[in-house]
Amino acid sequence: MERPYVIVSAAMSIDGFLDDVSPERLMLSNAADFDRVDAVRASVDAILVGAGTVRADDPRLLVRSAERREERVAGGSPASPLRAVISPSGRLEPGARLFDRAADDAAGPVVVYTSTAGARTFPLGPDADEFGPATWPEGSVHPEVVAVGDSGVAPLAVLEDLARRGIERVLVEGGGIVHTAFMSADLVDEVHLAVAPFLLGSAGGPRFVHAAAFPQSPERPLKLVETRAIGEVALLVYRRD
């Protein structure tokens, strides 16, 4: 069984930061680029993030454009892709917007990939010891919990499970730990980088990737297939050569 095609997408500063250290979310992109990302979301079968991104940004991970949703439904797909979260500990807040079906009728299923220890100690769902059915907000989505490792979550195991679900294209939207895991495991086919026109330096927070042994080396570089100005933001698209 072939693994899904993987696209990593991120907005960052010139010096590679995804955010600064302030409590407010830093805007690194613009409305036109947000719409571009929405189009990419509409083209995939699953959107995947790490638990840190859920905690920091509280994303919904939906296709926003009504027209794109209608096109997906007309083509036989759900209005928005399947949503997946990597959380080795299993600690995710039931009140996160990701689980709030009432906020949007198009919100589809959520799969949480965790470790065996995480599923046992901090299970998510209606039978959870920590959260329990009473603490799940009314109308929320109870995620499907899948343990894919004893103590961690291997990216390849996640992709293999997604492939068994019929997922062919996955959009990975962060954060840096997840980017690093997929790229260092050589599981990324395409990288979309929206680069903001400034540096953060000592005010920088999380980075696009962390130190690791990357196969995308000077000996085997990615291929630059597109560059485009989106206002003051520079879009760079790389593919596996």
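# Exercises on a nine-stranded sheet and its surroundings

Nine strands make up an open sheet with mixed pairing, in the order β5-β4-β3-β2-β6-β1-β7-β9-β8. The model is predicted: local features need pLDDT of at least 70 and side-chain atom pairs count only at pLDDT 80 or more, while totals for chains, interfaces and linings use all residues. Residues are numbered from 1 along each chain as its sequence is written, and side-chain values use heavy atoms, with hydrogens and water left out.

## Exercise 1. The sheet

Task: find which strands stand at the edges of the sheet, and describe how β2 is joined to β6.

Solution.

Step 1. Fix the terms. Strands (E, at least two residues) and helices (H or I, at least four) are DSSP runs, numbered from the N terminus. Two strands pair if DSSP finds at least two bridges between them.

Step 2. Look at the ends of the order. β5 (144-147) and β8 (223-230) each have a single partner strand, so one side of each is left without a neighbour in the sheet. From one strand to the next, the twist averages 20 degrees; the axes behind this angle are lines fitted to C-alpha atoms (for helices over the stretch in contact), and angles run from 0 to 180 degrees between N-to-C directions.

Step 3. Go to the pair. Strands β2 (residues 46-50) and β6 (residues 169-172) run parallel and are joined by three bridges. Leu 48 stands opposite Val 172 in β6. Strands of a sheet pair through backbone hydrogen bonds, either parallel or antiparallel.

## Exercise 2. Helix α6 and Ala 163

Task: state which residues of α6 are buried, and what Ala 163 touches.

Solution.

Step 1. Apply the cut-offs. Buried means under 20% relative accessible area, exposed over 50%, and partly exposed in between (1.4 Å probe, protein chains only).

Step 2. List the helix. Seven of the ten residues of α6 are buried, so the helix is mostly covered. These are Pro 155, Ala 157, Val 158, Leu 159, Asp 161, Leu 162 and Ala 163. Just after α6, Gly 166 has a positive phi of about 90 degrees.

Step 3. Take Ala 163, which lies in α6 (residues 155-164). Its relative accessible area is 13%, and it is therefore buried. Contact means heavy atoms within 4.5 Å. Apart from neighbours within four places in sequence, Ala 163 is in contact with Met 1, Glu 2 and Pro 4. The C-alpha atoms of Ala 163 and Glu 2 are 7.2 Å apart, although 161 residues separate them along the chain.

## Exercise 3. Helix α7 and His 179

Task: identify what covers α7, and what the side chain of His 179 reaches.

Solution.

Step 1. In α7 (residues 176-184), the buried residues are Gly 176, Val 178, His 179, Thr 180, Phe 182 and Met 183. Their cover includes β1 (5-12), β2, β3 (82-86), α6, β6 and β7. Asp 186, just after α7, takes a positive phi of about 60 degrees.

Step 2. His 179 has a relative accessible area of 1%, so it is buried. A polar contact is a pair of N or O atoms within 3.5 Å; within protein, one must be able to donate a hydrogen and the other to accept it, and residues adjacent in sequence count only if both atoms are side-chain atoms. The side chain of His 179 reaches the backbone oxygen of Phe 208 at 2.9 Å.

Step 3. Leaving out residues up to four places away in sequence, the residues that His 179 touches include Val 8, Leu 18, Val 172 and Val 209.

## Exercise 4. A buried glutamate

Task: decide whether Glu 190 is buried or exposed, and find its side-chain partner.

Solution.

Step 1. Glu 190 is in strand β7 (residues 190-195). Its relative accessibility is 8%, so Glu 190 counts as buried.

Step 2. The side chains of Glu 190 and Arg 239 form a polar contact of 3.0 Å. Beyond four places in sequence, Glu 190 also touches Tyr 5, Ile 7 and Val 237, among others.

## Exercise 5. The nonpolar cores

Task: name the residues with the most contacts inside the largest nonpolar core, and the strand that gives the most to it.

Solution.

Step 1. A nonpolar core is a set of buried Ala, Val, Leu, Ile, Met, Phe, Trp, Tyr and Cys residues joined through side-chain atoms within 4.5 Å.

Step 2. The largest has 29 residues, and Leu 48, Tyr 113, Leu 162, Val 170, Phe 182 and Phe 208 have the most contacts inside it. β1 gives the most to this core, with four residues.
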